[in-house]
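The following exchange sets the terms used for a structure against the values computed for it. Each answer gives the value, the cut-off and the conclusion.

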Amino acid sequence: MADVVHYERDGAVGVITVDNPPVNALSVEVRAGLVDALARGLADAGAAALVILGAGRTFIAGADIREFGKPLTPPDLNEVIGRIEASPKPVIAALHGTALGGGLEVALGCHYRGAVVSAQVGFPEVKLGLLPGAGGTQRLPRLIGVEPALEIIVRGDPVPALKAHALGIVDEIVPGDLRAGAVEFAARVAAEKRPLRKIGASDEKLLAARSNPAVFETFRTGIERQARGYLAPFKCIEAVQAAVTLPFDAGLRRERELFVECLLSPQSRAQIHAFFAEREATKIPDVPKDTPVRLIKTAAVIGAGTMGGGIAMNFANAGIPVTVVEATAEALDRGLAVVRKNYAATAEKGRLSPAEMERRTALIRGTLDFQAVADADVVVEAVFEDMGVKKEVFAKLDRTCTAGAILATNTSTLDVDEIASATARPGSVIGTHFFSPANVMRLLEIVRGARTAKETIATAAELARRIGKVWVLAGNCDGFIGNRMLAGYLREAEFLVEEGATPAQVDRVIYDFGFPMGPFAMSDLAGLDVGWRIRKGKAHRRPKDLRDSPVADRLCEQGRFGQKTGAGWYRYEKGSRTPIPDPEVEALVAASAKEQGLTRRAVGDEEILARCLYPLVNEGARILEEGIALRPSDIDVIYLHGYGFPRYRGGPMFWADTLGLKRVYEEIAAYHRTHGRHWQPAPLLRTLAEQGQSFRDFKGTGA
Ligand code: 3H9
């Protein structure tokens with residue numbers, strides 16, 4: 001077995017070090033190593049107390065997620081923790097980095113906990129579709145009370161050391177060196193003969209909830225909207241409730257049952273897939289981690305519109321000074337006023353201190369002078385979506401910017417190579433497709449042009465990390481990954497309505513699947529005019545034999561641009577965002593159907609779901625085959641973070657795998673026969689289906 005847990009003596013204290021890089025996950029070797037090291041410590045007559053700490057950058061960050069789904073090899077984590085808690089010598093956990101999940105559970109099995117001030121503790125299991133399964137739901141409420149425990153377990157957010165100290169999770173904040181401080185703490189506990197605090201044996205903190213069981217129902221109601229569709233948050237509540245209603249040992253057994261129930265659920269598989277997919281997306285085979293990057297000290301944004309302002313806020317939020325360039329004073333003032341309003345709204349909600357708001361606002365400087373971009377390390381162009389305008393901007397950037405500066409375009413559809421051709425340095429040009437609102441949405445598509453240099457990609461990736469984005473690398477094509485796939489989704493939604501469904505029915509089916517809203521509500525929110533303009537610009541490229549629903553264009557011709565004009569696919573009362581079905585739209589749709597000779601019919605919910613979501617899968621398969629996306633899981637990350645695909649379903653490609661590609665292919669082929677060329681199955685989908693494989697098995701085109 002690998003030597004991943006060491007034991008050594010430091011004065012009168014035995015030190016147990018978990019050394020399992022990168023995050024000291026509780027693999028079977030670590031669990032067995034902890035049992036052995038504990039036994040050594042107990043047998044060591046010179047050790048009056050024991051310390052458990054983590055080597056490297058963190059204490060234990062949890063169970064080894066890669067072991068889930070495989071048969072459990074003993075010792076079980078509950079057993080390990082039970083032995084620690086039963087130790088006749090005091091055991092002290094010394095926390096740094098992130099003590100998460102099973103890591104915090106180990107710490108709660110210890111009699112005392114010390115932490116450095118930068119440490120964080122938490123139970124993120126819920127984000128993996130799980131619950132703490134090694135006593136966390138039983139010990140934490142016994143330590144700090146039911147309500148704070150519910151907050152930590154059900155929400156899954158990390159708790160900084162000082163707050164953990166205030167709550168009573170951490171007994172001492174260790175100043176200076178953790179090991180020395182923890183050894184001193186342990187020696188003191190032994191010398192003072194402090195009682196061994198066995199959390200499992202105490203239950204005073206449960207008494208309040210025992211006499212007020214309504215606390216659970218209140219909590220459940222409180223999370224209902226946010227946790228809609230998810231299983232784990234509700235199972236977490238059930239597990240904490242078991243701490244209150246059952247004796248400790250029975251509570252542990254109930255917790256384990258609920259844990260296993262979650263672990264075996266498709267939701268947990270999907271959420272674990274999402275966890276690894278997000279990390280995998282940051283690995284670009286031909287751009288290794290040690291690729292040199294340009295240090296970004298200052299940034300510039302061209303254009304102070306909604307996107308430009310939002311992008312500038314991203315830089316300011318990360319402490320990077322940013323210059324926003326506009327053509328007219330009026331547009332600049334308007335843009336900067338929106339930025340200030342956004343910050344003020346966040347401050348009003350208490351999520352930003354007034355001082356921090358000032359600091360961030362001060363980092364954003366507006367100017368009409370294009371020369372101001374000369375020293376910027378990165379410039380993001382966010383002007384009108386028009387090739388001519390963009391090329392003009394890039395020619396100017398080429399003349400103005402310092403050598404090696406990253407020249408990024410925020411285009412959502414245009415050809416990055418053509419934009420780059422306006423410069424003499426295409427290696428420095430890259431697409432950074434932010435999603436609207438750019439200061440809120442976490443997704444960033446980084447678009448690699450044919451001549452984009454590796455350093456440019458690595459720098460953009462590093463910058464994305466710094467400004468807190470989840471990023472995915474995309475190849476250069478119309479709509480890149482996300483929007484290219486979305487086209488088929490929107491097209492089918494519109495066809496379905498022409499064929500007899502209503503926008504409200506389609507939206508309900510998609511909402512019930514788990515999206516925050518359906519395609520029509522989303523289009524009304526985003527503004528119908530954007531797509532309309534793009535369609536008009538590309539009208540000449542549309543194949544004549546492909547049907548398109550004219551309804552969206554007709555809505556726009558009537559000035560119905562969505563929420564902002566009070567009407568789109570729905571109508572809206574003044575000041576309200578609630579979509580109200582509109583008979584006028586119904587009439588327009590009926591007329592359009594008649595013109596096209598369609599006989600309208602009742603459309604079933606199942607058909608709606610398949611016809612909206614299969615185009616995502618089919619186009620996703622093409623995107624993979626063309627090498628526009630590196631892997632199916634990258635596509636999933638884009639849909640989870642940019643389009644509201646429910647995380648508990650893992651993303652469109654993962655979802656298709658769960659249905660089975662044979663079924664997906666056959667249904668797409670059937671739609672192809674009845675609905676025509678739009679539904680031509682992607683060759684990759686067909687191949688995988690015929691070979692009985694999944695997207696998970698796709699290992700790239702080798703291109
Ligand atoms: C649990 O504990 C259940 C128990 O209650 C009950 C059991 C019975 N396992 O994120 P990073 C890998 S559930 C395996 O890039 P950072 C990760 O994939 C668990 N691998 O670093 C990556 O690998 P690679 C509860 C793990 O510094 C590498 O480590 N715990 C695990 O940005 C570096 O990760 C959690 O949910 C793991 N548990 O962030 C914590 N964790 O280099 C999950 C990480 O090959 N982890 N890896 O791509 C995290 O939140 C972050 O990784 C952490 C570090 C904050 C720790």
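A residue is near a molecule or strand if one of its heavy atoms lies within 4 Å of it. The model is a predicted one, in which local features need pLDDT of at least 70 and side-chain atom pairs count only at pLDDT 80 or more, while totals for chains, interfaces and linings use all residues. Residues are numbered from 1 along each chain as its sequence is written, and side-chain values use heavy atoms, with hydrogens and water left out.

Q: Which of the 28 residues around the ligand come nearest?
A: Arg57, Glu105, Glu125, Arg279 and Lys283 come nearest.

Q: What makes the approach of Arg57 to the ligand a polar contact?
A: A polar contact is a pair of N or O atoms within 3.5 Å; within protein, one must be able to donate a hydrogen and the other to accept it, and residues adjacent in sequence count only if both atoms are side-chain atoms. A polar side-chain atom of Arg57 lies 2.4 Å from an oxygen atom of the ligand, and therefore the pair meets the 3.5 Å limit. For Glu125, the distance from a polar side-chain atom to a ligand oxygen is 2.5 Å. In the side chain of Arg279, an N or O atom is 2.6 Å from an oxygen of the ligand.

Q: Which classes make up the shell around the ligand?
A: The shell has 15 nonpolar, 5 polar and 8 charged residues. Here Ala, Val, Leu, Ile, Met, Phe, Trp, Tyr, Cys and Pro count as nonpolar, Asp, Glu, Lys and Arg as charged, and the others, Gly among them, as polar.

Q: Which helix gives the largest share of that shell?
A: H12 does, with 3 residues. Helices (H or I, at least four residues) and strands (E, at least two) are DSSP runs, numbered from the N terminus.

Q: Why does Arg631 count as buried?
A: Buried means under 20% relative accessible area, exposed over 50%, and partly exposed in between (1.4 Å probe, protein chains only). Arg631 has 13% relative accessibility, so this residue counts as buried. Its place is in the loop between H25 and helix H26 (632–642). A polar atom of the Arg631 side chain lies 2.4 Å from the backbone oxygen of Lys283.

Q: What makes helix H4 mostly covered?
A: In H4 (residues 136–144), 9 of its 9 residues are buried. Among them are Gly136, Arg139 and Ile144. After H4 comes Gly145, with a positive phi near 100 degrees.
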